[in-house]
Amino acid sequence: MGARMGLTRGQFLRLVGAGAAGALLGGCASSPPPIDVTAPEFTDAEPSGTVRLWCRGGLQPTTQRLVDRFHAAQDRIRVDLTPVPDGQYVTKLATAIRGGRVPDLVDIDDINSALFVHRGVFADLTPLIDALPYRDRLSPGHLALSARDGRWFGAPSLADNSTLWCNASLFARAGVDVDETTGSLAGCLEAARAIAGLGEDTHGWFFPGNAAGALAFTVQPHVWAGGADLITGEVGAQRAHILGNEPLRATLEFLRALWTEGLTPPAIDSDDGSRWASRFQAGRVGMMPCGFGIVTTDASEELLAECEVRLLAGPEGGRSFFDGGTNLCLPNGSDNPAAAWEFVTFCLDLEQQTSLPETGYIPVRSDAATDAFRARWPLAAPPLLELDAGHAPLSLAYARIYNQNDGPWLAMIREAVFGGGVERALRAAQPRFDEILRQGDA
């Protein structure tokens, strides 16, 4: 963890949260040597023993299922699973690294994995990943967040992708075609008007207007599909691209039109995402951007039979989706890295990948979209069929900008959609984005 990484220890701690910095600075531990995944003791040994695995708390049922399958498939390695609350994961992992008490393997939010990749605390897995026969079929969005200097420091694990969910029955009743209208924001607005015109407490579109992370997950892809991003430059020299960003402007104008024309449920301006899918699941919403598990977890078979899924459109065309999910990474200092890697490859096997929709997630391998998979999981297949359209922003300041309710992203959305308008929102957001990016890259 040398100076070449561009981040001092103190700067890294500030990135993972000012509240944790004091506690993390209290002790001192020497950095463990990097794991050499090409060494004979890694490549030639038959791994055994225990692997200490941390997963996000919200993913415990899915990860435990994979662990149980792994135990049933072999008897040399046992995986000791520790779920960590999602909101505490970064701080707890930073604390463990700081104190020299790391787990053997971490399944970490792909966005947050970049924080640790750029601090140099994860093993370089490049030779192992390049040797995978399905390397070119792995999610490029996940891999981009595990990359540094052309090397890979994490392997994709599972995907949580944002797509556009359409109630095809409402489209048919309103006399509009799913494919013809969902390929642009103008078309989506046309469809939303037609569906809202059905009356009976039916609305054309839904979004949780007071949920920062949910809006980042579902709104940014419209901008990406339009060929733009909100953050430009490499880590260490990033700037906001807010003013002059025409796809962003058009996306915010689209959302404002949905709201001002009454095409959404009336209370979305205060919706924090806690009941995100309820109105769609009740058959009262025509279109809703969200993730696979958000809809399928509690939806009826009748409703799912009426659903069609498309990637999210740009203002004038193009398609994209948020490439969320997790990466599996080996912290330097892992006591059993070879066994940990065996578990990683087990999780990436097609048998495990194609079972992920059973617990609400999507595979990270495009070759999982076999004919059998598409027949069984038609609503999970669209991102796999266009895996290169997925994207996940690389910024060490991501959480502070997009996930915090007092951050500039939510403030921009609310001002543009529910407040003084798009122009005012853009002008206020540019300096706030830039300030946080300067702090994150300092």
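Buried means under 20% relative accessible area, and exposed means over 50%. The model used in these exercises is predicted.

**Exercise 1. The setting of strand β13**

Task: Work out how far strand β13 (residues 319-329) is enclosed by the rest of the structure.

Solution.
Step 1. Take the residues of β13 and apply the cut-off for buried, under 20% relative accessible area.
Step 2. The count comes to 10 of the 11 residues.
Step 3. β13 is therefore largely enclosed by the rest of the structure.

**Exercise 2. The partners of β13**

Task: For strands β3, β6, β12 and β14, find the sense of pairing with β13 and the number of bridges.

Solution.
Step 1. Start with β3 (residues 105-109). Four bridges join β3 to β13, and the two run antiparallel. One pair to look up is Asp109 with its bridge partner Thr326 in β13.
Step 2. Go on to β6 (residues 155-167). β6 is also antiparallel to β13, with six bridges. Here Asn161 has Asp323 of β13 as its bridge partner.
Step 3. Take β12 (residues 312-313). Two bridges link β12 and β13 in the antiparallel sense. Leu312 stands opposite Ser320 of β13.
Step 4. Look at the hairpin of β12 and β13. Five residues lie between its strands, and Gly317 has a positive phi near 130 degrees.
Step 5. Finish with β14 (residues 390-391). β14 pairs with β13 in the parallel sense, over two bridges. Phe321 of β13 has Gly390 in β14 as its bridge partner.

**Exercise 3. α13 against α22**

Task: Describe the packing of helix α13 (residues 246-260) on helix α22 (residues 408-418).

Solution.
Step 1. Choose the descriptors. Two packed helices are described by the angle between their axes and the distance between the axes.
Step 2. Read both values. The angle is about 55 degrees, and the axes lie 8 Å apart.
Step 3. Classify the angle. Angles under 35 degrees count as roughly parallel, and 65 to 115 as roughly perpendicular. With its angle of about 55 degrees, α13 is therefore oblique to α22.
Step 4. Add the hand. α13 passes α22 in a right-handed crossing.
Step 5. List the contact. α13 supplies Leu248, Leu252, Leu255, Arg256 and Trp259. α22 supplies Met412, Ile413, Glu415, Ala416, Val417 and Phe418.
Step 6. Sort by class. The contact of α13 with α22 holds nine nonpolar residues, two charged and no polar.

**Exercise 4. α12 against α13**

Task: Repeat the analysis for helix α12 (residues 212-225) and α13.

Solution.
Step 1. The axes come within 8 Å and cross at roughly 135 degrees.
Step 2. Angles over 145 degrees count as roughly antiparallel. At roughly 135 degrees, α12 and α13 are therefore oblique to each other.
Step 3. The crossing of α12 past α13 is right-handed.
Step 4. From α12 come Val219, His222 and Val223. They meet Pro247, Leu248, Thr251 and Leu255 in α13.
Step 5. By class, the contact of α12 with α13 has five nonpolar residues, two polar and no charged.

**Exercise 5. Two residues of α4**

Task: Decide whether Thr63 and Pro61 are buried or exposed.

Solution.
Step 1. Place the residues. Thr63 is in helix α4 (residues 60-73). Pro61 is in α4 too.
Step 2. Take Thr63. Its relative accessible area is 3%, so Thr63 is buried.
Step 3. Find what Thr63 touches. Leaving out residues up to four places away in sequence, the list is Leu53, Cys55, Leu81 and Asp107.
Step 4. Take Pro61. Its relative accessible area is 56%, so Pro61 is exposed.
Step 5. Set a distance. From Pro61 to Asp406 is 345 residues in sequence and 31 Å in space, C-alpha to C-alpha.

**Exercise 6. Positive phi in a loop**

Task: Locate Glu200 and Asp201, then give the phi and exposure of Glu200 and Asp201.

Solution.
Step 1. Glu200 lies in the loop between α11 (185-196) and β7 (203-205). Asp201 lies in the loop between α11 and β7 as well.
Step 2. Glu200 is not a glycine, yet its phi is positive, about 55 degrees. For Asp201, also a residue other than glycine, phi is positive and near 60 degrees.
Step 3. Glu200 has a relative accessible area of 54%, so Glu200 is exposed. Asp201 has 45%, so Asp201 is partly exposed.

Terms used
Residues are numbered from 1 along each chain as its sequence is written. This is a predicted model: local features need pLDDT of at least 70, side-chain atom pairs count only at pLDDT 80 or more; totals for chains, interfaces and linings use all residues. Side-chain values use heavy atoms; hydrogens and water are left out. Axes are lines fitted to C-alpha atoms, for helices over the stretch in contact, and angles run from 0 to 180 degrees between N-to-C directions. A crossing is left-handed if the near helix is turned anticlockwise from the far one by less than a right angle, and right-handed if clockwise. Contact means heavy atoms within 4.5 Å. Ala, Val, Leu, Ile, Met, Phe, Trp, Tyr, Cys and Pro count as nonpolar, Asp, Glu, Lys and Arg as charged, and the others, Gly among them, as polar. Buried means under 20% relative accessible area, exposed over 50%, partly exposed in between (1.4 Å probe, protein chains only). Two strands pair if DSSP finds at least two bridges between them.
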